[in-house]
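Please walk through this fold from its overall makeup down to individual residues. The sequence and the coordinates come first.

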Amino acid sequence: MKVELLDYTDKPEKTVAMAARNDYSDDWVADVGYEAAMEPIDFDQGDYEWVEDNLAEPSWDDARTELEAKKKSLLEQLLDREHYGVFEHPSASFAINDVSRSLMAQLTRHRHMSFDVQSQRYVDFEDKDIVVPETLRDSDEHLSRDAGLVDLDEDVRQEYRQRYDELMDDLTEFYGDAVEDGVPKEDARFALPIGSPVNIVASGNLRSLMHVMNIRGKANAQWEVRELADEMNDELHEVAPITANYFEENAPFKLGL
Ligand SMILES: Cc1cc2nc3c(=O)[nH]c(=O)nc-3n(C[C@H](O)[C@H](O)[C@H](O)COP(=O)(O)OP(=O)(O)OC[C@H]3O[C@@H](n4cnc5c(N)ncnc54)[C@H](O)[C@@H]3O)c2cc1C
């Protein structure tokens, strides 16, 4: 599995902060002075004016720290107060690579997210690697909802791994032969297993993303979708660090109804 942030709302946490300020303030959020007070200064672009106006002895580090602290405090208060609506304004899109159709079925149940999935009617799947379940992949213990802590005997694991690989080879060979002999991919795909790999683009706003990470990151979710939830949170750290940190420290928490 690979997960990458494909695109996101520019300065997502600023959008959250500005939406909240809209709710609680007399001022219009589009007012430039107010915006500057909530936004970390982009020193590379030379936003020096605010610093000169607001600090007795201008120091880039002081200014950055002060503005970041303001924003962090505001966002954490919003989350503490369960004011989640403001987190619906910014959104992010993830490119998800080589996950199973089983994961796809779980992820696409989330109705506040948007998805595009690789088509089995257009793409040829003969040479794609089938996802190997965690239990058969390595001998490390891992959690499973129905079996608890899975710690399979190594001989048993190896036996089933071998049988799994043979079975997958047979299925993909059947699929390849059928396509070659004129069976349309849309019908030949019925022989492909649920472990068939798929690439997905998934988009959602920060609230819906936190909801997905919340319930798909918990111990009772499956190992693969748990891994996805972790990867998404890691990616979010890059662009929405305050939210991602808060989430990591407090999850799981209920985000609505
Ligand atoms: C561990 C685990 C096991 C699962 N097992 C199964 C299973 O065996 N079979 C199965 O079919 N599914 C299963 N699911 C899927 C689960 O039932 C949900 O469909 C899925 O997790 C989507 O999450 P959600 O219900 O929070 O809805 P989302 O679509 O993510 O919506 C987010 C929130 O919006 C609100 N919401 C959205 N739509 C509505 C609505 N129409 N009415 C009222 N409120 C709404 C709810 O508060 C909801 O929590 C499982 C999920 C987990 C995490």
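The paragraphs below go from the chain as a whole to the sheet, the helices, the core and a few local backbone features.

The model is predicted. Its average pLDDT over the protein chain is 86, and 86% of the residues score at least 70. One stretch deserves caution: over residues 40–52 the pLDDT stays under 50, and the model has 15 contacts beyond four places in sequence for these residues.

The protein chain has eleven helices and six strands. Of its 257 residues, 23% are buried. Among contacts with a separation of 6 or more, 75% join residues 24 or more positions apart.

The sheet is a convenient place to start. Four strands form an open sheet in the order 1-2-6-3, and their pairing is antiparallel. At the edges are strand 1 (2–8) and strand 3 (114–117), each of which pairs on one side only. On average, neighbouring strands of this sheet are turned by 20° against each other, direction ignored. Six bridges hold the antiparallel pairing of strand 1 with strand 2. Within this pairing, D7 stands opposite S93 of strand 2, and Y8 has A92 in strand 2 as its bridge partner. Strand 2 and strand 6 are likewise antiparallel, with eight bridges between them; here V99 is matched with V198 in strand 6. In a regular strand, side chains alternate between the two faces of the sheet.

Next come the helices around the sheet. Strand 1 and strand 2, which pair over six bridges, are both touched by helix 10, which packs on the sheet with its direction at about 40° to that of strand 1. Helix 10 also packs with helix 11, at an angle of about 145° and with the axes 6 Å apart. On the helix 10 side of this contact are N233, L236 and H237, which meet P241, T243, A244, F247 and E248 in helix 11. By type, the residues of the contact are four nonpolar, three polar and one charged.

How enclosed is helix 9? Nine of its eleven residues are buried, so the helix is largely enclosed by the rest of the structure. The buried residues are L206, R207, S208, L209, M210, H211, V212, M213 and R216. They pack against helix 1, strand 2, strand 6, helix 10 and helix 11.

In soluble globular proteins, nonpolar side chains tend to be buried together. The largest nonpolar core here has 35 residues, and those with the most contacts inside it are I96, V99, I200, L209, M213, L228 and M232. At least two residues of this core come from each of helix 1 (12–24), helix 4 (60–80), strand 2 (91–100), helix 5 (101–107), strand 6 (197–205), helix 9 (206–216), helix 10 (223–239) and helix 11 (241–250). M232 shows how such a position is surrounded: leaving aside residues up to four places away in sequence, M232 touches V3, F94, L209 and M213.

Is a residue in a loop buried or exposed? For F87, in the loop between helix 4 and strand 2, the count is 25 C-beta neighbours inside 10 Å, and because 20 or more is the criterion, F87 counts as buried. Its contacts, not counting residues up to four places away in sequence, are V16, N205, L206 and R207. Of these, V16 is 71 residues from F87 in sequence, while the C-alpha atoms of the two are 5.7 Å apart.

E82 is found in the loop between helix 4 and strand 2 as well, but E82 is exposed, with 11 other C-beta atoms within 10 Å. Its phi is positive, about 60°, although E82 is not a glycine. Another non-glycine residue with positive phi is K11, at a value near 50°. K11 lies in the loop between strand 1 and helix 1 and is partly exposed, having 16 other C-beta atoms within 10 Å.

A last backbone feature involves P252, in the segment after helix 11. The peptide bond from A251 to P252 is cis, with omega near 0°.

How values were computed. Residues are numbered from 1 along each chain as its sequence is written. This is a predicted model: local features need pLDDT of at least 70, side-chain atom pairs count only at pLDDT 80 or more; totals for chains, interfaces and linings use all residues. A nonpolar core is a set of buried Ala, Val, Leu, Ile, Met, Phe, Trp, Tyr and Cys residues joined through C-beta atoms within 7 Å. A residue is buried if 20 or more other C-beta atoms lie within 10 Å of its own, exposed if 12 or fewer, and partly exposed in between; C-beta atoms are placed from the backbone. Two residues are in contact if their C-beta atoms, placed from the backbone, lie within 7 Å. Two strands pair if DSSP finds at least two bridges between them. Axes are lines fitted to C-alpha atoms, for helices over the stretch in contact, and angles run from 0 to 180 degrees between N-to-C directions. Ala, Val, Leu, Ile, Met, Phe, Trp, Tyr, Cys and Pro count as nonpolar, Asp, Glu, Lys and Arg as charged, and the others, Gly among them, as polar. pLDDT is the predictor's confidence in each residue, from 0 to 100.
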